[in-house]
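Let's take a walk through this one together. Have the sequence and the 3D view open side by side as you read.

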Amino acid sequence: SVKVGDLVRLREEYKVAGIDYGLGIITDITNYPEEGLISHRVVWANNDYSFHSKSDLELASESR
């Protein structure tokens with residue numbers, strides 16, 4: 001399971017219009033039980049950030 005501080009990348013099938021954000025770091029995980037959703041805020045190498053479900057992400061490197 002992913003956690004804050006982990007390095008992640010977007011799964012191939014979620015790369016929007018062929019844009020590759022490269023590696024990002026999870027900075028926040030928020031649980032929305034009403035929606036049955038857990039949102040992962042990822043800050044990418046270019047300083048953009050976006051929000052993803054765990055299924056959008058694959059772990060690149062676990063934080064220690």
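What follows is a short tour of three spots in this predicted model.

Start with L7, which is found in strand β1, residues 7-10. Away from its immediate neighbours in sequence (residues up to four places away are not counted), L7 touches G24, I25, E58, L59, A60 and S61. Is L7 buried or exposed, given its 30% relative accessibility? Neither label fits: at 30%, L7 counts as partly exposed, because buried means under 20% and exposed means over 50%. If you'd like a sense of distance, pick N47: L7 and N47 sit 40 residues apart in sequence, and their C-alpha atoms are 14 Å apart in space.

Now swing over to D56, in the loop between β4 (49-52) and β5 (57-61). Here's an acidic side chain to pause on: D56 is buried, yet has no salt bridge. Which side chain of opposite charge is nearest to D56? That's R11, at 7.0 Å, and a salt bridge here calls for a side-chain nitrogen of Lys or Arg within 4 Å of a carboxyl oxygen of Asp or Glu. R11 does turn up among the contacts of D56, though, along with R9, L10 and Y14, again leaving out residues up to four places away in sequence.

Last stop, the surface. V4, I29 and I38 make a nonpolar patch of about 220 Å² there. Take I38 as one of its members: I38 lies in strand β3, residues 37-44. With a relative accessible area of 41%, I38 is partly exposed, so I38 clears the patch cut-off of over 30%.

Key. Residues are numbered from 1 along each chain as its sequence is written. This is a predicted model: local features need pLDDT of at least 70, side-chain atom pairs count only at pLDDT 80 or more; totals for chains, interfaces and linings use all residues. Side-chain values use heavy atoms; hydrogens and water are left out. Patches are made of residues with over 30% relative accessible area and no salt bridge: like charges are joined within 9 Å, nonpolar side chains (Val, Leu, Ile, Met, Phe, Trp, Tyr) within 5 Å. Accessible areas come from the Shrake-Rupley method with a 1.4 Å probe; for residues, only the protein chains shown count as cover. Helices (H or I, at least four residues) and strands (E, at least two) are DSSP runs, numbered from the N terminus. Buried means under 20% relative accessible area, exposed over 50%, partly exposed in between (1.4 Å probe, protein chains only). Lys and Arg count as positive and Asp and Glu as negative; His and the chain ends are not counted. Contact means heavy atoms within 4.5 Å.
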